[in-house]
Amino acid sequence: MWAEGLLARKNLAPFRISAGVFYSYHLPGSQSGETTYPSDIINTRLIIEHILDEKRGFGYNLELVGFHGLTWRADGHQVTTGGRNGFNTFGGQPTLQYRLGDHWVGAAGGAVYRCRTEYSGSDLSQLLHLLLLGEKWNSDYAIGL
């Protein structure tokens, strides 16, 4: 995939608010010698962090995520594999974070995702448990989610 997007972040101590919208162009693939064209994807997210102890980097956050499979592709090819009729997945992820030293921060949380797949007509729910480790850049914390 090739992805591009817009990110925004606002620090309103003790809160940090981040948002992003990403468009992912799905590269063609192949299956049984035939070229396949999966749908392109739009990913949206909103993260609200509340830092309770700035010195220790202790806080919590809530991330709201949308993951949307499109019914078309930017290159004009017809979607031939996967969610041909599109799909929408929405999730929420509460997380606790704590600074583990001068350059590392850890986070743990769980994520609940609700997926409505139009092509199958079914709802899927899943709960993911996460343990994350990220590197600190300057005075902000970067945690890969």
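**Close-up A. Phe87 is a buried residue in this predicted model.** Its relative accessibility is 16%, where buried means under 20% relative accessible area, exposed means over 50% and partly exposed lies in between, with a 1.4 Å probe and protein chains only. Local features here need pLDDT of at least 70 and side-chain atom pairs pLDDT 80 or more, while totals for chains, interfaces and linings use all residues. Residues are numbered from 1 along each chain as its sequence is written, and side-chain values use heavy atoms, leaving out hydrogens and water.

**Close-up B. Phe87 meets Phe67 in a tilted ring pair.** Two aromatic pairs turn up in a search of the whole structure. In the pair of Phe67 and Phe87, the ring centres are 5.8 Å apart and the planes sit at 45°, so the arrangement counts as tilted. Phe67 belongs to strand S6 and Phe87 to strand S7 (residues 87-99), so the pair ties together parts that are 20 residues apart in sequence. Rings of Phe, Tyr and Trp (its six-membered ring) pair when their centres lie within 6.5 Å; planes under 30 degrees apart are stacked, over 60 edge-to-face and the rest tilted. Strands (E, at least two residues) and helices (H or I, at least four) are DSSP runs, numbered from the N terminus. While Phe87 is buried, Phe67 is partly exposed, with 33% relative accessibility.

**Close-up C. Arg9 and Glu49 are joined by a salt bridge.** The N to O distance between these side chains is 4.0 Å. The two partners come from distant parts of the chain: Arg9 is in strand S1 (residues 2-12) and Glu49 is in strand S5, 40 residues apart. Take a look at how their surroundings differ: Glu49 is buried at 8% relative accessible area, whereas Arg9 is partly exposed at 37%. A salt bridge is counted when a side-chain nitrogen of Lys or Arg lies within 4 Å of a carboxyl oxygen of Asp or Glu. By this rule the structure has three of them.

**Close-up D. Glu63 and Arg45 form a salt bridge between strands S6 and S5.** Here the closest N and O atoms are 2.3 Å apart. Glu63 sits in strand S6 and Arg45 in strand S5, and this pair links distant parts of the chain, 18 residues apart. Glu63 is buried, with a relative accessible area of 1%. Arg45, by contrast, counts as partly exposed at 23%.

**Close-up E. Arg73 sits in the loop between S6 and S7.** A salt bridge connects Arg73 with Asp75, with the closest N and O atoms 2.8 Å apart. Their side chains also share a polar contact of 2.8 Å; such a contact is a pair of N or O atoms within 3.5 Å, where within protein one must be able to donate a hydrogen and the other to accept it, and residues adjacent in sequence count only if both atoms are side-chain atoms. Although Arg73 lies in a loop, this residue is buried at 4% relative accessible area. Asp75 is partly exposed at 29%. Setting aside neighbours within four places in sequence, Arg73 is in contact (heavy atoms within 4.5 Å) with residues including Tyr23, Tyr25, His26, Tyr37 and Gln78.

**Close-up F. Seven side chains are worth finding in this view of a nonpolar surface patch: Leu12, Phe15, Ile17, Leu46, Ile48, Leu62 and Leu64.** Together they make a patch of about 540 Å². Strand S2 (15-25), strand S5 (41-53) and strand S6 (58-69) each give two or more residues. Patches are built from residues with over 30% relative accessible area and no salt bridge, joining like charges within 9 Å and nonpolar side chains (Val, Leu, Ile, Met, Phe, Trp, Tyr) within 5 Å. Phe15 is found in strand S2 and is partly exposed, with 36% relative accessibility.

**Close-up G. Leu6 is an exposed residue of strand S1.** The relative accessibility of Leu6 is 66%. Leu6 and Gly20 are 14 residues apart in sequence, yet their C-alpha atoms are 5.5 Å apart in space. Not counting residues up to four places away in sequence, Leu6 touches Ala19, Gly20 and Val21.

**Overview. The chain contains ten strands and zero helices.** Buried residues account for 33% of its 145 residues. Of the contacts between residues at least 6 apart in sequence, 50% join residues at least 24 apart. The chain exposes about 9200 Å², with 59% supplied by carbon and sulfur atoms; these areas come from the Shrake-Rupley method with a 1.4 Å probe, and for residues only the protein chains shown count as cover.
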